[in-house]
Amino acid sequence: MAKISIEDVSFSYEQDKKNNFVLKDVSYSILPGDSVLLLGPNGSGKTTLLKLIMGLLKPTKGKIRIDDADTSKASVFEISKKVSMIFQNPEKQFFAETVREELSFGLKNRGLREEEIKKKVEEVAKKFGLFEYLDKSPFDLSGGEKRRLSIASIIILDPEVLIVDEPTAGLDFQYRNLMISIIRGFLETRNKSLVVATHDIDFGLRIANKAAVINEGKLVWSGDVVSLLREEEIFSKGILAHTFTSSLISRVISQSNVDFQKVVKILEELTEGLM
Amino acid sequence: MSTEESRKTIIRIRNLSFKYKNAEKNVLDTINFDVKEGEFVLITGPSGSGKSTLARILTGLIPNSYPGDLSGEISIMSFDPRRNKIYEIAQNVGLVLQNPENQLFALTVEDDIAFGPENLGLERKEIKERVEWSLSVVDLQKERHKAPFELSGGLQQKVAIAAVLAMKPKILILDEPTSYLDTLSAIKFAYFLNELKRELNLTIILIEQKIDLFFKFLSRIVVMNEGKILIDDEPDVVMNFCIRNKIPINIPLQLLIIRTLGETYDGKKLYDYQVDDYKMLFEKIINDR
Amino acid sequence: MAMNFVKAYQFSRKETTIHALDPRVKLFVSVGVAIIGIITLDPIEIAFLTVIQIIILALSKSMKLWLRSLKALTFFILLIAVSQYLTTQSLIQAIIFSARFILITSATSWFFYTTSPEDLGRALEQMGVPSDFSLAFTLSMRFIPVIANEFQDVYDAQRVRGLNLEKGNLLERTKAFLPILIPLFVEVIRRTYEISDALELRGYGFKEKRSHWKELKLTTNDYIFLAFFLLTIAIIVLHRLYYPLV
């Protein structure tokens, strides 16, 4: 049930140079139940914004509040009780000897009791199809299992807001679908919210209801996903590019008045008719 | 296209199997694979299907750097990685890896391009010529004094290609080059690659998940799964096969729409349809429900 | 903290006369000054050389970088001063020793600020160092910032999972580093493989002696710079003759 407000946030990496802001005067609110698609070219500042929300970076100017608490005064540990983040290539963070230990890590850091940890770990492991691997080394898992484990080790922290950075980069057809079903699973619980930065717009359209577009550090557009697809300027200016799928959806919903969710569903049935 | 038959076969592989040292299973299992001069071949398939391993064999990294059991008949422009060193093959077959960060060593674009020719011990004049040529081919003259890491992902990818081209290969292999590019850069990259191929008369083997970006340029698609080649044929034949057999790869939506309507199509004309034509077809699908 | 050290010695591309000097000349002068700095205990000589280093830093537009790195090294400078004072009970001694440290770091830092790793590699190679060594050097310089970023990424990822490095006793704190060090180590190994593949694909190892498309040649500026350096040494020697250290 967390609400995040980004208020006039600017950020620059080098404190003494005022001229190169990675983000400039960004204001945006993420409400419970929002699933926000953060779009923009490579290097536009998407990842920086995600790190600012997570408290990994602190704003140079402006404020980010999570339920009225100022993130620049809170530690990442405190913020992580409400917000969590899945990094690009999350498999890179494995360190434990067993899957069980890897899943327990966050809960242990929170100081939960042994029995409680055990219960939660097994529950999440079942949900992510990892139960039979609990005593195996994370490094011995297959690609898909690794991906599931890396996400499970974040979902187990039960965040109210989940931040995801480029979840589909380098993924094949099946893993991409896996990401979609995991994220949808997360959103099934009422009032959870999601912020996903991606350049895979086709993927984004399948999970998001809101969109925000960043270009050269500035928030140039925000609104719901359907209105983004009706927006021509952003695509014609070269800030975003349509894929064949997104341009088709855009035309169908704006010219023929078909419901967006219905279009997405039919398109999925078309592609997943394969499975 | 009719000259395809008369073109020279430059890669010929028969019954190729490979097992990495200490591994239990073969990564590649009795592969047969030919490439003719001037072809644009796309290899796709789920991760772990053996695509990158095949690229490593075609460039001699296997078995020179990655030992294992390699069997079968291999001729890559008459080289055999079991007899020839990587640097011999590298002057005929270039490989561009997925992540440019790990294949750019120098602090300026031009020095990076010169790195390969310097290794070959070429004369200073020849290196200079190759650097100029590579820069012009990828259109990076303006960036020549910049650090490769300061460039955008799309341009970094171009530097990596220019650096490989400076080795003057006839065959260019690219391993998922668009993975970390945004949509616009990826679309531009597809056109760039096709243009490059035409201009330099290259043979291109592209390992890629995003089939639709390249579809109209391809002479062939190869689909791999669990170390085997499932199908290797003209793009539309391969796509039909994959749709029929429910092979989990990214089939262009255009094909799926046409197939769903039960219409036959001509692969070459696929991109002659406009988005609005597809919109009409798609609306037909919606109304049919 | 580790990052501070990295930044203290990071090359920054600028177009100045100092940047354009031959890396061999710069290496010679910088090492020369550092050696004098190690040998001398004369406050006037130290001051004189430090002023010259500052002039070089100013000419190479690196003053800001240098001041920042001094700030990062404050702790060490104080440490040297305090330990000298405790052992010799002399304030002057303490000041001289820290001033020497500043002199040595400034001489080495302008060298690294103005010399790209590959220029340095080129210099080493053309001075007869085998190409494997100079390449290893260039590559490590090139990948230090990459690994530092990688460290930050893993650290961030584990912080999100509640990792706290500032909690508990020494043993617990050391153990807390494992979730960062293990992934970092795995990633470095993976990268090493990829880099070595990329090197071989570019024909590395084909010829025992690589060729160089840019040969280092001394220019007028290099000779002027060298002349100034020799003049500096002459002044120091003269100073020594007239005012020998007691």
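**Exercise 1. How many residues of chain B are in contact with how many residues of chain A?** Work out the counts, then describe the chain B side by element and by residue class.

*Solution.* Keep in mind that this is a predicted model.
- Step 1: start with the counts. On the chain B side 32 residues take part, and they are in contact with 28 residues of chain A.
- Step 2: find the helices involved. Helix H7 (183–200), helix H10 (253–260) and helix H11 (275–288) of chain B each supply at least two residues of the side that touches chain A.
- Step 3: look for the main contributor. H11(B) gives the largest share of this side, 8 residues.
- Step 4: sort by class. The side of chain B that touches chain A has 14 nonpolar, 11 polar and 7 charged residues.

**Exercise 2. Describe the contact between chain C and chain B, from the side of chain C.**

*Solution.*
- Step 1: count again. Chain C brings 25 residues to the contact and chain B brings 29 residues.
- Step 2: name the helices. In chain C, helix H8 (117–126), helix H9 (131–160) and helix H11 (178–201) each supply at least two residues of the side that touches chain B.
- Step 3: H11(C) provides the largest share of that side, with 7 residues.
- Step 4: the class count for the side of chain C that touches chain B is 9 nonpolar, 5 polar and 11 charged residues.

**Exercise 3. Does the radius of gyration of chain B agree or disagree with that of a compact globule?** Add the other overall features of the chain to your picture.

*Solution.*
- Step 1: compare the values. A compact globule of 289 residues would have a radius of gyration near 19 Å, and the 20 Å of chain B agrees with this.
- Step 2: add the dimensions. The C-alpha trace of chain B spans about 65 × 45 × 40 Å along its principal axes.
- Step 3: look inside. Of the 289 residues in chain B, 47% are buried.
- Step 4: consider the contacts. Among those in chain B with a separation of 6 or more, 66% link residues 24 or more positions apart.
- Step 5: list the secondary structure. Chain B contains 11 helices and 9 strands.

**Exercise 4. Which domains does the assignment give for chain C, and how many residues of each are in contact?**

*Solution.*
- Step 1: set the bounds. The assignment gives domain 1 (2–115 + 216–242) and domain 2 (123–201).
- Step 2: the centres of these two domains of chain C, taken over C-alpha atoms, are 29 Å apart.
- Step 3: between them, 6 residues of domain 1 of chain C are in contact with 6 residues of domain 2 of chain C.
- Step 4: on the domain 1 side, helix H1 (2–8) and helix H3 (23–39) of chain C each supply at least two residues. H3(C) has the largest share, 3 residues.
- Step 5: that domain 1 side divides into 5 nonpolar, no polar and 1 charged.

**Exercise 5. What is the strand order in the open sheet of 6 strands in chain A, and which strands stand at the edges?**

*Solution.*
- Step 1: read the order, E6-E7-E8-E3-E9-E10 (chain A), with mixed pairing.
- Step 2: strand E6 (83–86) and strand E10 (218–224) of chain A each have a single partner strand, so one side of each lacks a neighbour in the sheet.
- Step 3: zoom in on one pair. Strand E3 (residues 35–39) and strand E9 (residues 210–215) of chain A run parallel and are joined by 4 bridges. Val36(A), for example, has Lys210(A) in E9(A) as its bridge partner.

**Exercise 6. Is Gly204(A) buried or exposed?**

*Solution.*
- Step 1: locate Gly204(A) in helix H7 (residues 201–205) of chain A.
- Step 2: Gly204(A) has 23 other C-beta atoms within 10 Å. The cut-off for a buried residue is 20 or more, so Gly204(A) is buried.
- Step 3: leaving out residues up to four places away in sequence, Gly204(A) touches Leu37(A), Leu39(A), Val196(A) and Thr198(A).

Key:
Residues are numbered from 1 along each chain as its sequence is written. Chains are lettered from A and ligands numbered from 1 in the order in which they are written. This is a predicted model: local features need pLDDT of at least 70, side-chain atom pairs count only at pLDDT 80 or more; totals for chains, interfaces and linings use all residues. Two residues are in contact if their C-beta atoms, placed from the backbone, lie within 7 Å. Ala, Val, Leu, Ile, Met, Phe, Trp, Tyr, Cys and Pro count as nonpolar, Asp, Glu, Lys and Arg as charged, and the others, Gly among them, as polar. The radius of gyration is taken over C-alpha atoms; the globule rule is 2.2 Å times the number of residues to the power 0.38. A residue is buried if 20 or more other C-beta atoms lie within 10 Å of its own, exposed if 12 or fewer, and partly exposed in between; C-beta atoms are placed from the backbone. Domain bounds come from an automatic or database domain assignment. Two strands pair if DSSP finds at least two bridges between them.
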